[in-house]
Amino acid sequence: MAVFRSGLLVLTTPLASLAPRLASILTSAARLVKHTLYVHLQPGMSLEGPAQPQASPVQATFEVLDLITHFYDGANVHTHLDVRILLTNIRTKSAFPPPVPSSVQNLAHPPEVVLTDFHTLDGSQYNPVKQQLERYATSCYSCCPQLASVLLYPDYGPGELSVEPLAVPLPSTIRPSSPVARSPKQPVRGYHRGAVGGTFDRLHNGHKVLLSVSCILAQEQLVVGVADKDLLKSKLLPELLQPFAERVEHLSEFLVDIKPSLTFDIVPLLDPYGPAGSDPSLEFLVVSEETCRGGMAVNRFRLENDLEELVLYQVQHLKDLSRKENEEVKVSSSNFRQRMLGNLLRPPYERPELPSCLYVIGLTGISGSGKSSVAQRLRGLGAFVIDSDQLGHRAYVPGGPAYQPVVEAFGTDILHKDGVINRKILGSRVFGNKKQLKMLTDIMWPVIAKLAREEMDQAVAEGKRVCVIDAAMLLEAGWQNMVHEVWTVVIPVTEAVRRIVERDGLTEAAAQSRLQSQLSGQQLVDQSHVVLSTLWEPHVTQRQVEKAWALLQKRIPKAPSGP
């Protein structure tokens with residue numbers, strides 16, 4: 001059967017029977033849709049009657065919120081799917097009239113196929129039912145002109161087809177701050193305006209639950225705070241966070257898709273309180289288990305400033321069933337960023353001027369990042385490693401290619417009595433003096449680059465396929481022009497300072513000064529093809545390096561076959 005890029009899934013099973021069937025329904029839908037799957041809840045609707053079915057409101061109860069959470073949780077298995085549960089017809093209990101929907105709701109990715117769990121008694125793809133389904137879909141949403149339709153008939157397991165209500169209801173995943181117990185059938189109250197906040201990096205199903213609950217509660221406006229600047233510093237692997245504008249773009253598309261009747265105010269979140277701490281018009285705040293304490297702090301802050309408390313709604317985390325060592329138990333963006341380590345992030349450079357049988361990696365990282373230990377691990381996997389520091393030492397020795405130019409530029413007072421360059425004196429001369437430093441690097445960097453090219457020839461002579469240039473100043477020196485890929489090793493600055501102090505015996509201030517004289521980890525990552533991190537135990541680093549190496553082997557040109 002054809003595979004469609006986008007689809008609309010119309011769920012007609014009564015809510016009481018739907019939860020146990022969701023996994024099978026999702027599996028069937030995931031076989032047909034490869035990217036965006038919109039979901040429309042219309043429990044109890046029949047497609048077999050003579051009259052054209054019409055969209056009708058679905059009462060927003062805690063059962064519905066739990067079902068939405070359960071659906072997104074189940075969608076985690078299907079990593080290729082971008083699931084979006086549409087909320088236009090889900091209405092809260094409120095004292096003000098619901099928004100009047102437009103006749104047809106536009107979607108960012110118009111469905112190419114409409115699917116349903118509705119089934120006929122004979123289990124066929126009965127044409128009149130499919131025609132009803134197509135007419136219903138196009139009366140509600142903008143769809144592709146050549147809309148296909150499929151009755152799914154999922155492979156339900158034992159007990160999944162029961163029409164009896166669940167003996168044990170779905171676990172409560174959303175609860176208001178009120179200590180009063182809630183029941184599944186309890187209607188959810190609506191509010192004029194509310195807020196939700198987060199980093200929203202690589203929008204995932206946990207985010208979608210948080211945002212969906214917020215959209216159901218809000219009837220007019222939702223303020224969405226997106227963490228930026230100082231609030232990102234404590235994040236794991238912040239160098240791999242999507243840029244603020246990109247996060248906002250994905251967030252905005254999702255929100256407008258699921259509930260276009262709302263006004264969305266997406267703002268940078270620059271402090272722990274954000275608009276929720278100061279906006280008197282807000283009535284509720286949706287938080288996660290992780291941010292619940294922050295929500296209570298917001299309310300204390302509001303009370304201190306003579307503002308009413310916000311009603312807090314807490315959403316439980318979704319569990320990450322594919323989590324690995326050092327990853328969080330919950331579905332989280334930090335897990336996704338960890339899984340990016342070792343992956344190719346952008347296309348390699350074309351380097352026709354390099355030896356055709358050699359693939360060159362430039363390995364870099366801030367001081368203390370563990371770059372050299374990664375180089376040794378790559379050597380253990382078969383790479384030819386060029387240590388740029390060693391090349392620098394060779395260039396400095398009497399008779400070396402940089403010796404005479406350096407002495408002529410800086411004078412004989414930088415020499416030991418035996419004529420060897422005193423690198424400590426030379427270093428003190430250039431440190432903090434941009435003019436002197438440029439004079440030195442203008443001499444050294446071209447010399448080291450020439451020596452590195454000679455080493456590449458040696459790698460070819462030894463029959464090596466991969467050559468790694470280990471160089472802290474790779475990008476500053478412009479040596480990315482002689483590599484196919486730049487690999488960067490990242491760690492938090494605080495950890496780099498600790499390592500430098502421990503390794504080199506410097507003060508913290510001196511270690512920080514050294515780091516400030518280099519490109520930041522973010523600046524390096526912005527120009528990198530592969531990112532690694534030595535933040536965890538050595539065996540975790542080894543696993544990252546082996547993953548990166550295995551992926552590299554798949555993309556480097558095959559060695560020419562013999563005669």
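**H11 against H13**

I began with helix H11 (residues 403-410) and H13, whose axes come within 10 Å and cross at roughly 160°. This is a predicted model, so I treat every value here as computed from it. Angles over 145 degrees count as roughly antiparallel, and H11 and H13 are therefore roughly antiparallel to each other. I noted the crossing of H11 and H13 as right-handed. Which residues make the contact? From H11 I listed Pro405, Val406, Ala409 and Phe410, and from H13 Gln436, Met439, Leu440, Ile443 and Met444. Sorting the contact of H11 with H13 by class gave me eight nonpolar residues, one polar and no charged ones.

**H12 against H13**

Next I looked up H12 and H13. Their axes come within 7 Å and cross at roughly 130°, and H12 and H13 are therefore oblique to each other. On the H12 side I found Leu426, Arg429 and Val430, which meet Gln436, Leu437 and Leu440 in H13. By class I get four nonpolar, one polar and one charged for the contact of H12 with H13. I also flagged two H13 residues that turn up again: Gln436 and Leu440 are in the contact with H11 and in the one with H12.

**H14 against H15**

Then I moved along the chain to H14 and H15. I have their axes coming within 9 Å and crossing at roughly 120°, which makes H14 oblique to H15. Is this crossing left-handed or right-handed? I have the crossing of H14 and H15 down as right-handed. H14 brings Val493, Ala496, Val497, Ile500, Val501, Arg503 and Asp504 to the contact, and H15 brings Glu508, Ala511, Gln512, Arg514 and Leu515. My class split for the contact of H14 with H15 is seven nonpolar, one polar and four charged.

**Largest pocket**

With the helix pairs done, I turned to the pockets. The largest one has a volume of about 1,700 Å³. I found 42 residues in its lining, with Asp389, Arg423, Ala472, Met473 and Gln518 nearest the centre. Which helix gives the most to this lining? H13 does, with eight residues. I also wrote down the helices that each supply at least two lining residues: H9 (371-380), H10 (388-396), H12 (423-430), H13 (434-461), H14 (493-504) and H15 (508-516). So the helix pairs I had just looked up came back here, H12, H13, H14 and H15 being among the suppliers. By class, the lining of the largest pocket has 17 nonpolar, 15 polar and 10 charged residues.

**Second largest pocket**

My last entry is the second largest pocket, with a volume of about 1,100 Å³. I have 46 residues lining this pocket, and Gly197, Gly198, Thr199, Glu290 and Thr291 are the closest to its centre. Both strands and helices each supply at least two residues of this lining. The strands I noted are S9 (191-198), S10 (218-227) and S12 (284-288), and the helices are H5 (205-217), H7 (292-304) and H8 (333-340). I split the lining of the second largest pocket into 24 nonpolar, 17 polar and five charged residues.

Key:
Residues are numbered from 1 along each chain as its sequence is written. This is a predicted model: local features need pLDDT of at least 70, side-chain atom pairs count only at pLDDT 80 or more; totals for chains, interfaces and linings use all residues. Side-chain values use heavy atoms; hydrogens and water are left out. On a 1 Å grid over the protein atoms alone, a cavity is a set of points where a 1.4 Å probe fits but cannot get out, and a pocket is an open set with protein on both sides within 12 Å along at least five of seven lines; lining residues have an atom within 4 Å of a point. Grid points are joined across faces, edges and corners, and a volume is the space filled by probe spheres set on the points. Helices (H or I, at least four residues) and strands (E, at least two) are DSSP runs, numbered from the N terminus. Ala, Val, Leu, Ile, Met, Phe, Trp, Tyr, Cys and Pro count as nonpolar, Asp, Glu, Lys and Arg as charged, and the others, Gly among them, as polar. Axes are lines fitted to C-alpha atoms, for helices over the stretch in contact, and angles run from 0 to 180 degrees between N-to-C directions. Angles under 35 degrees count as roughly parallel, over 145 as roughly antiparallel, 65 to 115 as roughly perpendicular and the rest as oblique. A crossing is left-handed if the near helix is turned anticlockwise from the far one by less than a right angle, and right-handed if clockwise. Contact means heavy atoms within 4.5 Å.
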